[in-house]
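Visitor: I am new to this one. Please show me the structure, and then let me ask about it.

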Amino acid sequence: SHEHCHKNLRQSHFNPGPSCLGYPVSIFFIVVNEFCERFSYYGMKAVLVLYFKYFIGWDNDLSTTIYHTFVALCYLTPILGAIIADSWLGKFKAIVYLSIVYTIGQVIMAISAIHDITDTNRDGTPDNMTFHTAMSMLGLMLIALGTGGIKPCVAAFGGDQFEEHQEKQRSTFFSIFYLSINAGSLLSTLITPILRAQECGIYSKQSCFPLAFGVPAALMVVALIVFIAGHSMYIMESPKGNILLRSNCVSNRFNHRSQQHPKREHWMDWAEEKYDKLLIAQVKMVLKVLFLYIPLPMFWALFDQQGSRWTLQATTMDGNFGAFIIQPDQMQIVNPILIVIMVPIMDSAVYPLIKKCHINFTPLRRMTVGMLLAALAFVAAALLQIQIDQTMPNFPSSSQIQVKFLNLENTSVPVEVEGQEPFAVPGFDSSNDYMTLDTENITVSAGGKNATAYFQKSTRHTVLINTDGMLQTLNDITEKPNQGMNAIRFVNGFRSHLNFTIKSDNLGPIAPLQGSGYLSVPHGKANFTIVNEEGQTCHYILQLGFGSSYTVLIPSTFSFGESCTENIKAIQDIEPNGIHMAWQVIQYFLMTCGEVVFSVTGLDFSYAQAPSNMKSVLQAGWLLTVAVGNIIVLIVAEAGSLPDQWAEYVLFASLLVAVSIIFAVMAYFYTYMDPMEIEAKFMDLEPEEKKRKELGMTTKDNLAYVNNETSNNTDDKQTKI
């Protein structure tokens, strides 16, 4: 009977372990292991780009490229881990051995960040950066192999802990499993940047990257110990043998391509001469699902931009939430926070409500809705970007220059620019806004004295007006300061040299009627110290927002003393960000809802539709879609973007909608399978199949026989692979 065959399929298991509330106790160890491993991975990844840029010394482009290449590699290696688990070691041993490799990689990364190892002259800078670079690349390769290798195994191993009648509990497990992933991500994204910001070192104090990498390494050790501790409670399946049949099938099909050989219903049937029909049927099931996965990478292409495009968008926004300040890169925390909230809500409220409404919300329909929600999130991002663009400064184009005038005198000065209406600049102040011109040289008359200035195209300048009639120019920035910082510079209209400092940054002595370079200053109160040649000091406080630029003028009437700041003039060149970061929560909410119904469902679907000996392979196929999605982002980043960022968001949203429609059509024609039932039928037919092979029956006869037998028990559409 089929029931007997189902029992045979479970004979490779150990006896089920203890249970609690209907759930195997063993999944506790698996969930804790996943939490620690994800903390380790996301904690290391959170500071990785900063490590490349500030420790190794790479520029932004190379740091970003290596970062995304590493992430893509982490999602390519699951195929290797799945093959090792399903064909050689089994899931348990594969997880243990690859976790050891993973842990070694994390330890190597922590060691590579210790600058004192090669800092022989003790100046705070490593003397042999090649050593640190090589160590970090080795560590990252081992981490990619380890984290990628265990990804499909842990999820599938967790699913193995449930009996056939525990389908509901297994579905809930995948939700809890996904919750543990995001809980680990949330905590590590909060904690490791704080650890990195600490200063540590033996001979000199630097940003503490060894601690930021060392804590994730320690969590990986904990993950390994916890997983091994549950060994006696696990249900473990033995590996089922090699599943790489495609090359054999293709070569056999090529050798029998003449018309004298009868056609076979499926190209996998050409492996019948070497493999039994059960294994072939199992591979067919896997290929059927993998074909369905083809459109899925586009979802991840949008999802992964939370850490790139959306973070860059946040740099042009206001992160002041009153009680606390959110930095642009910290907005990514919104996703795991919402995940922790949304997963229980979806499982306990939304899905049961949909079921009560008698709506057949199948897994593939859920995934389609998830893709559409992600597209809607990018529409929200585009609408927000349009609002941001309206508050952005109008920077010069490639054929324009922009100038404004700063009067260092205490009386108003009339100014005439050739081809423009004359105007006056107030004393100790600037003209209201930049003047946009289409010429490289301008003739200016200031206070009745003429001068000609020459500029390069696509630049901004501030022209200083003084009593000598000389027009000195300062080069202004032509873009918003990075990461929500503020660009501050000083113009000395005083009669002697002045020195300007803020914290440890010193602009050096600035001569009279001269300007300084820019200082990058964070949000909040900026306390500047002004010192003259006699050592007198004046403390000036400037309240800063996000992404602004100021020119601070020290007028000729400036004097040291208690009221020294009264005459200082702060002139705003670029307004601070006017759109609040809280508006990004809308797009994060939509993306998170899409992720919950897409990714959690996809994990469960990948397990449920996989045959017993290829569950890790199908999990790896699911993770491979993430790798391809990362590669899509890399291609788009290298190829360049549209002139307007909002248009790029709309493009990605449109592409995902189109892909969602294709996926919905594919899902409509997909027939859900019961792998256990199909395997049982083929196991039932194994003795007859051996007899047919002994009698020399043809492939056509075999197919007819199997179809006839299976159709007696269930609908042909359900059992046909």
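What follows is a set of short questions and answers.

Guide: This is a predicted model, where local features need pLDDT of at least 70, side-chain atom pairs count only at pLDDT 80 or more, and totals for chains, interfaces and linings use all residues. Residues are numbered from 1 along each chain as its sequence is written, and side-chain values use heavy atoms, with hydrogens and water left out.

Visitor: How many helices and strands does the protein have?
Guide: Helices (H or I, at least four residues) and strands (E, at least two) are DSSP runs, numbered from the N terminus. By that count, the protein has 22 helices and 21 strands.

Visitor: What share of the residues is buried?
Guide: Buried means under 20% relative accessible area, exposed over 50%, and partly exposed in between (1.4 Å probe, protein chains only). The protein has 721 residues, and the buried share is 51%.

Visitor: Which helix gives the most to the largest nonpolar core?
Guide: A nonpolar core is a set of buried Ala, Val, Leu, Ile, Met, Phe, Trp, Tyr and Cys residues joined through side-chain atoms within 4.5 Å. The largest has 129 residues, and Tyr-41, Phe-213 and Trp-622 are among those that touch the most other members. With 12 residues, the top contributor to this core is helix α15 (residues 363-391).

Visitor: Which tryptophan does Trp-622 contact, leaving aside neighbours within four places in sequence?
Guide: Contact means heavy atoms within 4.5 Å. The partners of Trp-622 include Tyr-293, Met-367 and Phe-598. The tryptophan among them is Trp-300.

Visitor: Where do the buried residues of helix α3 lie around its axis?
Guide: Helix α3 (residues 48-56) has Leu-48, Tyr-51, Phe-52, Phe-55 and Ile-56 buried. They span an arc of only 110 degrees around the axis, taken from the directions from the helix axis to the C-beta atoms. An α-helix has 3.6 residues a turn, so residues three or four places apart point the same way. The buried residues therefore lie on the same side of α3.

Visitor: Is Leu-138, in helix α7, buried or partly exposed?
Guide: Leu-138 belongs to a nonpolar surface patch of about 500 Å², along with Leu-73, Leu-76, Met-141, Ile-631 and Ile-635. Patches are made of residues with over 30% relative accessible area and no salt bridge: like charges are joined within 9 Å, nonpolar side chains (Val, Leu, Ile, Met, Phe, Trp, Tyr) within 5 Å. Areas come from the Shrake-Rupley method with a 1.4 Å probe; for residues, only the protein chains shown count as cover. Because its relative accessible area is 36%, Leu-138 is partly exposed.

Visitor: How many residues apart in sequence are Lys-404 and Asp-573?
Guide: Their side chains meet in a salt bridge (3.2 Å, N to O), a term for a side-chain nitrogen of Lys or Arg within 4 Å of a carboxyl oxygen of Asp or Glu. Lys-404 lies in strand β5 (residues 401-407) and Asp-573 in strand β21, so the pair ties together parts of the chain. Both residues are buried. The sequence separation is 169 residues.

Visitor: Which residues join Lys-404 and Asp-573 in a network of salt bridges?
Guide: The structure holds six salt bridges. Side chains of opposite charge can pair when their charged atoms come close. In this network, Lys-404 and Asp-573 are linked with Asp-476 and Arg-489.
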